[in-house]
Amino acid sequence: MLALAALAALALPAPAVAQQTFATSGSITYTWQGDPARGCAAQSLCGVQGALILQAQGSGGSSSGPSRGSIDIPLEATGSTVRVSDGPGAGDCVDVPSSIQGGGFLTIARGPGGRLVGHLGPSLSSGRCAGPRAQDLAGITLPIRRSRGMYDLRGSESFAAGPFTGTLVSTLVVRTAPNASGSGSAGPSPVANPYPSTHKVLLEQVTLRYRITSLPGTLDASFSGESDPFCATLDSCGATGTLALSFPGFQRTLVLNASRTVQARVGARQAIADLERGRLQAQGGESGPFAGSSTARVAETLSWAGGLSCHDTSDTSRAPLFLSAGPTRSGGGVSLVLNNPVGSDLLRTHCPGPLDTDVFGVFPGLARTSIGLAELLKRHSVISLTKPGSFAGAGYVGGRSGALAFSLTLERVRAGTVEETRL
Amino acid sequence: VTRAWSLAFLLALAGLAGTAQAQSGGGQTFLYGVGGGKVVSQASIPARAEGEVIVTFRGDTAAGCAAAGVCSYAGTITVRPQGGDLSVVTYRRRGRIGHAATLFLGGPNGTITSARVQRSALGGQGGTCVDAQGSLVGTSPTAVVHGGRVTIRVLAPGGTLLQTRCAGPLDGDLAAISPAVSVSLPRLARGQMSLDLSGTRAFAGHGFTGTISSTLVLKLGKPSSQASGGPSFPPGIKTQRTRIVTERLSQVRVEGGLSATVSGAADPIICRLLDTCGLTGTLILSPAVHGLSGEVIATGPAGRPYRDFLAALGLTVGGQSRGIEVSVFVTLKGQVRTAVSQAGAMCTDTSGSGGAFAAISASGGLPANGGFLGSWRTRCPGPLLGNASTGVTASVQPGALAHRQFTIQLRGSGPFTDDGYVVTPNGGMSAVVRRGRITSQVITEPAS
């Protein structure tokens with residue numbers, strides 16, 4: 001953390017500005033409350049008032065963003081806390097989700113009309129408490145006034161997030177600082193020669209390309225608040241609920257490669273036979289761009305001890321899911337895992353409840369299955385991915401059940417021997 | 001140069017925080033908790049944590065709550081680390097072999113420590129402070145190595161496991177009675193064992209009575225050794241050798257005092273959720289500073305003559321200082337006195353682990369950085385200033401390095417927020433420092 005303070009001025013390689021340093025100050029404050037006009041009564045969320053403050057002081061370092069001409073400035077979030085009052089007679093929910101601890105980024109870029117705008121994100125949310133989801137807050141932009149050596153993001157913006165309305169108040173100012181004497185770069189170190197020596201091997205290989213589409217099915221979780229005092233911080237004492245996660249319209253291309261090194265070339269027929277006998281080791285994943293067009297849909301119900309309940313359904317478009325494949329432990333098939341990167345918050349709705357990492361663990365596997373070797377070469381098959389079990393911690397305990405069903409259509413088979421270059 | 005400056009600052013922070021830098025074979029290792037020494041070996045043992053620590057407390061006249069103004073507070077603190085890492089270091093200092101063991105507790109799942117503290121008010125409306133702290137690398141407890149055995153306690157003086165913005169006892173108040181486990185150093189270094197830190201104890205003191213109840217069990221994994229020869233880089237990574245010449249600074253005198261006025265946030269939603277509505281207070285870093293640590297660091301290519309570094313430090317006129325980055329680092333530690341007023345009640349307390357830091361580029365160009373250091377938390381409610389890497393500006397006089405003694409000025413700067421608090425630093429300290437011992441080391445790092 002102190003190191004971050006020291007790094008409050010790092011070099012910015014940018015097309016127009018050769019080497020520029022920046023320093024940030026101020027804070028970002030999100031507040032929200034249930035809004036009857038947005039249907040909070042139906043979700044028992046009208047009494048909710050919440051806040052999240054992100055300090056920007058001392059955070060530093062900047063780099064060119066992924067798009068030309070943009071600037072990414074990390075915002076330190078250590079000590080930031082989500083606080084939500086669940087209403088008269090209810091308790092307070094306080095959370096420090098790890099996604100907030102990771103901090104955020106301020107991206108300064110040209111918006112529509114060429115005006116400078118600031119985006120905050122991507123992982124700020126109300127965490128396990130009732131309030132806006134990460135995707136609600138990620139869409140907010142801050143107008144920027146630029147004067148000599150300063151980006152002024154002070155101001156306020158209203159936002160709506162499900163049954164809530166809220167305000168973002170920014171006192172954030174980004175100042176350009178004098179350049180360091182000499183020249184320096186905070187960028188990655190140059191790699192002299194990442195592949196110093198290589199050799200070629202023969203691979204007996206079978207490549208299978210599948211079309212994979214979702215069928216009706218949900219991953220389910222039932223949860224309840226932990227025992228006192230662990231439930232007190234999240235105001236989850238006596239609460240019970242369910243979550244149902246589905247991926248309607250999920251459609252991807254899955255490529256499996258099964259191979260082994262050989263001394264001499266073999267033909268396609270031999271390679272397929274060796275695959276069926278379990279002599280080739282399989283691995284693979286999706287083909288095409290990461291984070292395709294999948295939508296993740298979660299339906300949550302939560303009932304408090306007093307009898308009130310909250311129901312909400314949330315869609316995460318462009319959910320960053322990906323499939324990965326590898327050999328099973330027994331070697332008699334392929335293990336297929338549906339992964340969900342940490343911090344994607346697919347399970348969060350506007351109701352309070354557990355995070356993805358609470359339910360599925362910090363390892364990103366949402367569900368898995370294994371496919372027998374004989375199944376791999378079928379033209380059509382249906383697979384079922386699941387991850388039953390129990391979970392505990394961070395204010396909630398519960399169990400996982402349910403399964404995701406997918407249709408697997410084998411579109412192409414390539415088999416034979418290929419030459420591969422290896423380190 | 002910016003990169004070198006950052007590197008130097010990291011090195012200095014490690015050193016200033018009571019850390020020994022050990023040079024070995026061109027590499028460098030930081031040894032926490034040991035005041036100087038060369039690292040002989042270092043092992044890191046991952047730990048999985050099961051269970052939790054629960055502290056329940058209330059202000060009690062028999063424990064002296066009236067004098068401190070904490071009679072109105074009662075609450076519960078829960079600590080639930082998910083994992084940790086035990087570092088066992090063998091070092092040589094002044095010809096003798098020593099050992100140090102430090103346990104870091106934390107976890108990836110967010111909240112580690114949470115507190116719910118009720119504030120009662122006679123004839124008025126009280127409030128509830130609810131706060132949580134998460135840390136990827138929570139620190140404390142610190143293990144004590146003595147006579148070939150390591151004693152690990154749940155809580156340690158100066159630790160931060162119980163630390164939130166709410167009122168309540170400090171780690172150090174309960175350290176002596178917190179559950180502990182003792183194990184031989186050779187056995188600990190092999191890992192793959194459980195450390196049972198469970199137990200329940202009652203306490204009374206510093207204004208509070210209560211109990212600490214722990215079910216914490218640490219399951220140590222397999223140790224991984226780290227060579228003392230410094231980091232190695234994958235094949236193909238271009239590296240460079242950098243010389244770091246460090247000149248220690250010692251305290252001649254410190255005058256003045258840093259302070260901060262604090263108040264609850266004006267937004268009623270925010271202040272109510274932390275029970276800071278109407279709260280005002282003052283935090284003062286005592287002029288009787290416990291200790292000043294400082295260094296002047298010259299950083300540059302290892303191929304440059306040593307006299308160039310000495311010239312950059314102002315110690316000789318025979319070298320070329322151009323291209324050598326020089327930075328001044330200083331930390332001041334002392335007692336923090338606090339007085340917090342809310343709803344007509346006053347809470348006053350003192351703790352001894354606050355401080356301030358400053359980093360100044362003597363080569364020019366880069367702004368000085370400064371901020372609050374350590375824990376400014378007392379038993380009264382208040383902000384977590386240890387997270388504030390802002391609020392302090394620093395300067396040295398031009399040409400200061402031409403003299404054997406020089407003055408570093410630290411001043412409080414603009415207001416900032418800490419969750420439900422608004423903090424306005426003010427005051428200033430003037431530290432006269434004397435330059436002392438010089439050491440040199442060469443490290444290997446990825447080329448810039």
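1. A residue is called buried when its relative accessible area is under 20%, exposed when that area is over 50%, and partly exposed in between. The structure under review is a predicted model, and the points below should be read accordingly.

2. The first case is A:Asp274. Its relative accessibility is 1%, so A:Asp274 counts as buried. A:Asp274 forms a salt bridge with A:Arg277, with the closest N and O atoms 3.7 Å apart. A:Arg277, by contrast, is exposed, because its relative accessible area is 52%.

3. A:Asp274 also has a salt bridge to A:Arg279, where the closest N and O atoms are 3.1 Å apart. Here the arginine falls in the intermediate class: with a relative accessible area of 43%, A:Arg279 is partly exposed. The buried A:Asp274 is therefore bridged to an arginine that is exposed and to one that is partly exposed.

4. Chain B offers a further pair. B:Asp308 forms a salt bridge with B:Arg304, and the closest N and O atoms lie 2.9 Å apart. B:Asp308 is buried, since its relative accessible area is 5%, whereas B:Arg304, at 21%, counts as partly exposed. The cut-off matters for this arginine, because buried means under 20%.

5. Some bridges are joined into a network. A:Arg83 from chain A is linked with B:Asp131, B:Arg165, B:Asp418 and B:Asp419 from chain B in a network of salt bridges. Side chains of opposite charge can pair when their charged atoms come close. Over all chains, a search of the whole structure finds 30 salt bridges.

6. A:Arg252 merits a separate remark. This arginine is found in strand 18 of chain A, which spans residues 251–262. A:Arg252 counts as buried because its relative accessibility is 6%. Its side chain reaches the backbone oxygen of A:Leu321 at 3.2 Å.

7. The last point concerns a strand pair in chain B. Strand 11 (residues 149–153) and strand 12 run antiparallel and are joined by 5 bridges. Within this pairing, B:Arg153 stands opposite B:Ala180 of strand 12.

8. Strand 12 of chain B, residues 180–184, has two faces that differ in cover. B:Val181 and B:Val183 make up the covered face, while B:Ala180, B:Ser182 and B:Ser184 make up the uncovered one. B:Ala180, which has B:Arg153 opposite, thus belongs to the uncovered face.

Technical notes:
Residues numbered from 1 in each chain as written. Chains lettered and ligands numbered in written order. Predicted model: local features only at pLDDT ≥ 70, side-chain atom pairs only at ≥ 80, totals over all residues. Heavy atoms only, no water. Salt bridge = Lys/Arg side-chain N within 4 Å of Asp/Glu carboxyl O. Buried < 20%, exposed > 50% of the residue type's maximum accessible area, 1.4 Å probe, protein only. Helix = DSSP H or I, 4+ residues; strand = E, 2+ residues; numbered from the N terminus. Pairing = 2+ DSSP bridges. Polar contact = N/O pair within 3.5 Å; in protein donor to acceptor, adjacent residues only side chain to side chain.
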